[in-house]
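Trainee: I am new to this structure and would like a close look at a single part of it. Could you walk me through one helix and where it sits?

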Amino acid sequence: MSEQVDFVERRARLQWHEPKPAYDVVIIGGGGHGLATAYYLATRHGITNVAVVEAGYIGSGNSGRNTTIIRANYGIPEAVRFYQHSLDLYQTLEDDLDCWSMYETKGIMWLAQTETQMRAERARSLLNLASGTETQMITPLEAKALCPQLDLSGGGRYPVLGGSYHPAAATARHDRVVWAYASGAMRLGVHVLQHTKVTGLVREGGRVTGVETPTGSISAGVVLSAVGGRVSTIAAHAGVRLPIRTHPLQAFVTNSYEGEFPGIVSDTELLCYVSQTERGQMLVGAEYDAQPSYSQRSSFSFLQHTAAKVTHLLPFMRDLRILRQWTGICDISADFSPIMGETGVDGFLVTTGWGTWGFKAIPAGGEQMAQLIATGRTPALLEPFRLDRFASDHTMADPGSAGTH
Amino acid sequence: MLWIICPNCGRRPVEEYRFGGELRGFAESITDPVARDVDYVWMYDNIEGITTERWFHAAGCRRWLTLRRDTITDTVIA
């Protein structure tokens with residue numbers, strides 16, 4: 001309890017600032033990635049003349065709309081290394097930031113109903129093992145032992161053949177992660193400007209030198225776009241085109257379930273996943289909507305289809321009521337991997353393409369982007385995820401690992 | 001919920017359709033032929049506002065149609 005009081009007190013002591021006319025670094029987007037980058041710039045590199053510009057309030061975009069799953073069981077070695085590093089940073093985050101992030105290791109199972117998917121999961125578990133993270137194959141009975149509520153016949157229609165199990169998977173409280181990075185950065189002098197929408201970029205001779213806001217322009221040595229969803233609009237101001245489409249992603253929670261549901265269950269055939277929040281609510285997500293859209297409206301058909309899918313797998317959920325649903329807009333890259341680093345325009349960097357998998361990457365994404373800004377050299381972990389990989393035909397295609405969360 | 005008017009089948013829910021991508025030509029401003037190919041293959045306009053798109057009526061007449069849609073409000077204009 002005292003931890004909670006501590007947190008609230010620290011939060012209340014946050015010092016908000018009026019915008020200065022110029023900063024060394026301006027970060028667009030006060031979500032997890034933007035604030036983490038500011039935090040690591042201040043702590044690791046001593047760069048504190050930084051502003052994070054946020055259109056709403058911090059964490060009000062996708063950082064407040066995701067399903068908070070942290071895992072590293074990706075399908076290409078470059079991604080496994082990156083997300084494993086992020087997972088390692090998450091594990092020590094509470095000590096580093098002196099804040100309780102409600103990090104809880106739960107383990108995730110990816111169930112398969114077809115031989116094709118079983119082969120994909122076998123390949124994934126071997127590749128994970130070779131790249132430094134643990135993923136094992138499990139039989140249907142082992143899955144049942146991990147999650148007794150599971151109906152292995154899939155409601156008679158989707159019998160489970162097995163799956164892969166990634167024991168290190170975890171969840172953390174999204175607001176706490178965002179606020180911890182914000183307060184950590186602000187204590188060191190970083191300015192966080194809320195309710196300041198970036199309406200354009202200032203360009204001088206092919207270089208981006210600042211951002212336009214309704215209250216005037218702010219000059220910057222470097223501008224980093226860390227927005228979720230609207231990145232194509234921001235990049236267009238700099239004349240940069242991105243291989244990104246913005247799709248809505250929906251989720252819902254039910255009322256509280258009294259039973260124990262300690263793990264995360266994900267199904268590769270039905271494309272849905274379920275976990276239990278700290279309050280006991282069942283949190284359900286599925287794949288993103290098929291058509292690109294910037295609308296954050298939720299749909300009834302999503303509830304209908306997703307509820308039908310999860311009740312096949314977890315029949316106990318039939319007795320629960322849906323409490324609320326919401327939608328985030330996420331930037332899905334053409335190869336389903338993030339895009340980080342230089343854009344070809346001086347003074348303008350992006351960290352984007354976080355699609356449906358951005359929350360788990362907050363610490364590593366922030367740390368590595370801060371290193372890139374401070375040193376001017378792309379760190380080894382980011383090298384595979386540069387924007388120019390599309391032109392040089394080295395795409396990081398990994399749709400099977402990123403499809404839903 | 002998004003409703004799309006099919007010239008053959010009338011007003012039908014979006015679930016019956018498959019999204020076929022935004023409609024655009026080559027970027028005229030890019031003069032280098034290789035850069036132009038890269039742009040054509042990989043990049044999207046991803047417009048926040050009114051965009052022109054192709055849709056396929058998969059669970060209906062199974063024909064393609066072109067429409068204009070506002071991606072901010074998610075409504076079909078024409």
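Mentor: Happy to! One term to begin with: two residues are in contact if their C-beta atoms, placed from the backbone, lie within 7 Å. Keep in mind that this is a predicted model. With that meaning of contact, 15 residues of chain B are in contact with 22 residues of chain A. On the chain B side, helix α1 (residues 33-42) gives the most, with 3 residues. By class, that side of chain B has 8 nonpolar, 3 polar and 4 charged residues.

Now to chain A, the home of our helix. Chain A has 11 helices and 19 strands. Its radius of gyration is 21 Å, close to the 22 Å that the globule rule gives for 405 residues, so chain A is as compact as a globular protein of that length. Buried residues make up 52% of those 405 residues.

Let us zoom in on helix α10 of chain A, which covers residues 362-375. From its first C-alpha to its last, this 14-residue helix reaches 20 Å, close to the 20 Å expected at 1.5 Å a residue. Is α10(A) mostly covered or mostly open? Mostly covered: 12 of its 14 residues are buried. Among them are A:Ile362, A:Pro363 and A:Ala364, then A:Gly365 and A:Gly366, and further along A:Leu372 and A:Ile373. The buried set also includes A:Glu367, A:Gln368 and A:Gln371. Finally, look just after α10(A), where A:Gly376 takes a positive phi of about 75 degrees.

Notes: Residues are numbered from 1 along each chain as its sequence is written. Chains are lettered from A and ligands numbered from 1 in the order in which they are written. This is a predicted model: local features need pLDDT of at least 70, side-chain atom pairs count only at pLDDT 80 or more; totals for chains, interfaces and linings use all residues. Helices (H or I, at least four residues) and strands (E, at least two) are DSSP runs, numbered from the N terminus. The radius of gyration is taken over C-alpha atoms; the globule rule is 2.2 Å times the number of residues to the power 0.38. A residue is buried if 20 or more other C-beta atoms lie within 10 Å of its own, exposed if 12 or fewer, and partly exposed in between; C-beta atoms are placed from the backbone. The expected span of a helix is 1.5 Å times one less than its number of residues. Ala, Val, Leu, Ile, Met, Phe, Trp, Tyr, Cys and Pro count as nonpolar, Asp, Glu, Lys and Arg as charged, and the others, Gly among them, as polar.
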